[in-house]
Amino acid sequence: MQGVAVALGGPGLVIIGFLDSSFLSFPMINDLLVIGMVTRHKSLLLYYAFMATAGSVLGCLALYYVARKGGEAFILKRFKAGHVEHGRRLLQKYGLLVVIVPALLPPPAPFKIFVLLAGVAAIPVWQFAGAVFIARFIRYGGEGLLAVYYGDAAGDFLKAHAREAGLWLAGTVLVLGVAWLAWRRRKARS
């Protein structure tokens, strides 16, 4: 799959992103492909980040619609009831932040359960797609920037420190998001 994706360039990133974000899992493959492609063609950073993001958004939308049609019973067949309930509470409390934060994190962070829950909760599709797009573009664009500055060593760094870097980024987004939600609630009260 990697060889085909590299040969196809940007469209290969769309295909891998779609498959990874929908029904199959290719942990970190698109991340490493973006780094490899940007290392070879630095001027195409935004293009490769966009193509990887587009594939991921399309794959997430496929899952979103399956969950929207299949409902809660569909999710309960694939995940433990306790995990589903915990995810639902997080989604009710924090809204789209529950989709954005795991979309930023590298594997093995749980992400698909939140995509499915967003479908069951019938979050407006444009909000859902926008949240996934923003998070994944930040992720792939950031990896592309690492590739511009560090070349192939960025892939080695990602493999060794993806969890820490992802947690710092997600933590920052979470803190900013919770602060924004608190500000909105405070503003609504006054």
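In this predicted model, helix α4, residues 45-78, packs against helix α8, residues 125-150. Two packed helices are described by the angle between their axes and the distance between the axes. For α4 and α8 the angle is about 145°, and the axes lie 8 Å apart. Their crossing is right-handed.

The contact between the two helices can be followed residue by residue. On the α4 side, the residues that meet α8 include Ala-49, Phe-50, Thr-53, Val-57, Cys-60, Leu-61 and Tyr-64. On the α8 side, those that meet α4 include Val-125, Phe-128, Val-132, Arg-136, Tyr-140, Gly-144 and Val-148. The residues of this contact divide into 19 nonpolar, 4 polar and 1 charged. An α-helix has 3.6 residues a turn, so residues three or four places apart point the same way. With this in mind, look again at the numbering on α8, where Val-125, Phe-128, Val-132 and Arg-136 are among the residues that meet α4.

Two of these α8 residues also belong to a wider cluster. The largest nonpolar core has 28 residues, and Phe-111, Leu-117, Phe-128 and Val-132 are those with the most contacts inside it. Helices α4, α5, α6, α7 and α8 each supply at least two residues of this core, and the largest share, 8 residues, comes from α4. What does Val-132 touch, leaving aside residues up to four places away in sequence? Val-132 touches Val-57, Cys-60, Val-99 and Phe-111. A second, separate core of 21 residues includes Leu-13, Ile-16, Val-38 and Tyr-48.

Val-99, one of the residues that Val-132 touches, is in helix α6 and is buried. Helix α6 covers residues 97-104, and 8 of its 8 residues are buried. Along with Val-99, the buried residues of α6 include Leu-97, Ile-100, Pro-102 and Leu-104. They pack against α5 (81-94), α7 (112-120), α8 and α9 (153-189).

The whole chain can now be considered. It has 9 helices and 0 strands. The radius of gyration is 17 Å, close to the 16 Å that the globule rule gives for 190 residues, so the chain is as compact as a globular protein of that length. Its C-alpha atoms fill a box of roughly 50 × 40 × 30 Å along the principal axes. Of the 190 residues, 45% count as buried. Among contacts with a separation of 6 or more, 80% join residues 24 or more positions apart.

Terms used: Residues numbered from 1 in each chain as written. Predicted model: local features only at pLDDT ≥ 70, side-chain atom pairs only at ≥ 80, totals over all residues. Heavy atoms only, no water. Axes fitted to C-alpha atoms, helices over the stretch in contact; angles between N-to-C directions. Helix = DSSP H or I, 4+ residues; strand = E, 2+ residues; numbered from the N terminus. Left-handed = near helix turned anticlockwise from the far one by under 90°. Contact = heavy atoms within 4.5 Å. Nonpolar A, V, L, I, M, F, W, Y, C, P; charged D, E, K, R; others polar. Buried < 20%, exposed > 50% of the residue type's maximum accessible area, 1.4 Å probe, protein only. Core = buried A, V, L, I, M, F, W, Y, C linked by side-chain atoms within 4.5 Å. Rg over C-alpha atoms; globule rule 2.2 N^0.38 Å.
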